[in-house]
Amino acid sequence: MSDCLSCLELTKRFGNKEALSHVNFSLPRGRIVGLLGPNGSGKTTLLKLVSGLLRPTEGSVLIEGMVPCIETKKLVSYLPDQMYLGDWMRVSDIVEYFQDFYSDFDGNRARAMLQALGITMDQKIRGMSKGTREKVQLILVMSRRAKLYCLDEPIAGVDPAARDYILSVILDNFDEGSTMLISTHLIADVENILDEVIFLKEGRVVLQSLVEDIRSRQGKSVDRLFREVFRC
């Protein structure tokens, strides 16, 4: 079985600054993978490259064996770390927009999750808290039946009481034939849903490991290992 995502010598420069340097890894289908690293390590840049929003300076990204293009955009569901929806939009407008734009979008699934969180269809983006806006964006992303989900800080602005529900949304809507890449700083909160982790430091991969291997071979949690690797 071919990999869902492969990066080969992937490098991205912005002027003289190298955001990613010769990144190599492959991810099979069916895994939830944590993309972990401190600020400025290249996590968001990597997700944007995978999503086709940026082009590599060197090296390549392959999604289901294809370089990022119109066809791969049909396979990738991307949650950015910033709000991109117009603040004038109502929730009903956004659901209809996604339903028109993405053939794999499940409107019934989206409406059910919105209702579970107490978000009504007539609410406008401008009247929502930051956390509620992030919940709406995550629900939209997870309502697609994609092959690859790229989530950039999906629970950063969500209150602790809602995090368990958000993580259950991720798990309940994750297809075993898909792959999920989650960038986050809240490692302890997401560790229990991760199958694998990739540590990025200054644009380079310093570790790729199954979570179970970290626990069994090193006798540590992912959160503890992360703190040791990236200790200031």
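Is Glu64 buried, exposed or partly exposed? Select Glu64 in your viewer and keep that question in mind. At 23% relative accessibility, Glu64 counts as partly exposed, because buried would require under 20%. Before you go on, note that this is a predicted model.

**Stop 1: Glu64 and its partner**

Stay with Glu64, which is found in the loop between S4 and H2. Its backbone is worth a look: phi of Glu64 is near 50°, a positive value in a residue other than glycine. Now add Arg29 to your selection. The side chains of Arg29 and Glu64 meet in a salt bridge, 2.5 Å from N to O. Arg29 sits in the loop between strand S2 (17–27) and strand S3 (32–36), while Glu64 belongs to the loop between strand S4 (58–63) and helix H2 (70–73), so the pair ties together parts that are 35 residues apart in sequence. Arg29 is partly exposed, with a relative accessible area of 24%.

**Stop 2: more salt bridges**

How many salt bridges does a search of the whole structure find? The search finds 14. For another one, select Arg215 and Glu191, whose closest N and O atoms are 3.5 Å apart. Arg215 lies in helix H8 (residues 211–218) and Glu191 in the loop between helix H7 (187–190) and strand S8 (196–201), so this pair ties together parts that are 24 residues apart in sequence. The two partners are covered to different degrees: Arg215 counts as partly exposed at 31% relative accessibility, whereas Glu191 counts as buried at 7%.

Next, pick Arg13, Glu18 and Glu58, which are joined into one network by salt bridges that share partners. Within this group, the side chains of Glu18 and Arg13 meet at 3.3 Å, N to O. Glu18 is partly exposed, with a relative accessible area of 33%, and Arg13 is partly exposed too, at 32%.

**Stop 3: two exposed loop residues**

Select Gly15, in the loop between strand S1 (5–14) and S2. At 66% relative accessibility, Gly15 counts as exposed. Now use your viewer's distance tool on the C-alpha atoms of Gly15 and Ala146: they are separated by 33 Å, and the two residues are 131 residues apart along the chain.

Then jump to Glu202, in the loop between S8 and strand S9 (204–210). Glu202 is exposed, with a relative accessible area of 65%. Its phi is near 50°, a positive value in a residue other than glycine.

**Stop 4: strand S6 and its neighbours**

Select residues 148–152, which make up strand S6. Why is S6 described as largely enclosed by the rest of the structure? Five of its five residues are buried, so the strand is largely enclosed. Show the side chains and you can sort them by direction: Leu148, Cys150 and Asp152 point one way from S6, and Tyr149 and Leu151 the other way.

Add strand S5 (residues 76–79), which pairs with S6 in the parallel sense over four bridges. Here Val76 has Leu148 of S6 as its bridge partner. Then add strand S7 (residues 179–183), which pairs with S6, also in the parallel sense, over five bridges. In S7, Ser183 is the bridge partner of Asp152. Follow the chain from S6 through helix H6 (residues 160–172) to S7, and you trace a right-handed β-α-β crossover.

**Stop 5: a mostly covered helix**

Move to helix H1 (residues 43–50), where six of the eight residues are buried. To colour them, choose Lys43, Thr45, Leu46, Leu47, Leu49 and Val50. Just after H1 comes Gly52, which takes a positive phi of about 85°.

**Stop 6: a buried arginine**

Select Arg109 in helix H4 (residues 107–116). Which side chain of opposite charge is nearest to Arg109? That is Asp106, 4.4 Å away; Arg109 is buried yet has no salt bridge. The reasoning is simple, because a salt bridge needs the nitrogen and oxygen within 4 Å. Not counting residues up to four places away in sequence, Arg109 touches Met142, Ser143, Arg144, Arg145 and Asn173.

**Last stop: the wider view**

Finally, select residues 5–227, which an unreviewed UniProt entry annotates as "domain: ABC transporter". The end C-alpha atoms of this span lie 27 Å apart, and the span is 35% helix and 26% strand.

Terms used: Residues numbered from 1 in each chain as written. Predicted model: local features only at pLDDT ≥ 70, side-chain atom pairs only at ≥ 80, totals over all residues. Heavy atoms only, no water. Buried < 20%, exposed > 50% of the residue type's maximum accessible area, 1.4 Å probe, protein only. Lys, Arg positive; Asp, Glu negative; His and termini not counted. Contact = heavy atoms within 4.5 Å. Pairing = 2+ DSSP bridges. Right-handed = clockwise from strand over helix to strand, strands pointing away. UniProt positions renumbered as here; feature names shortened; annotations may be inferred.
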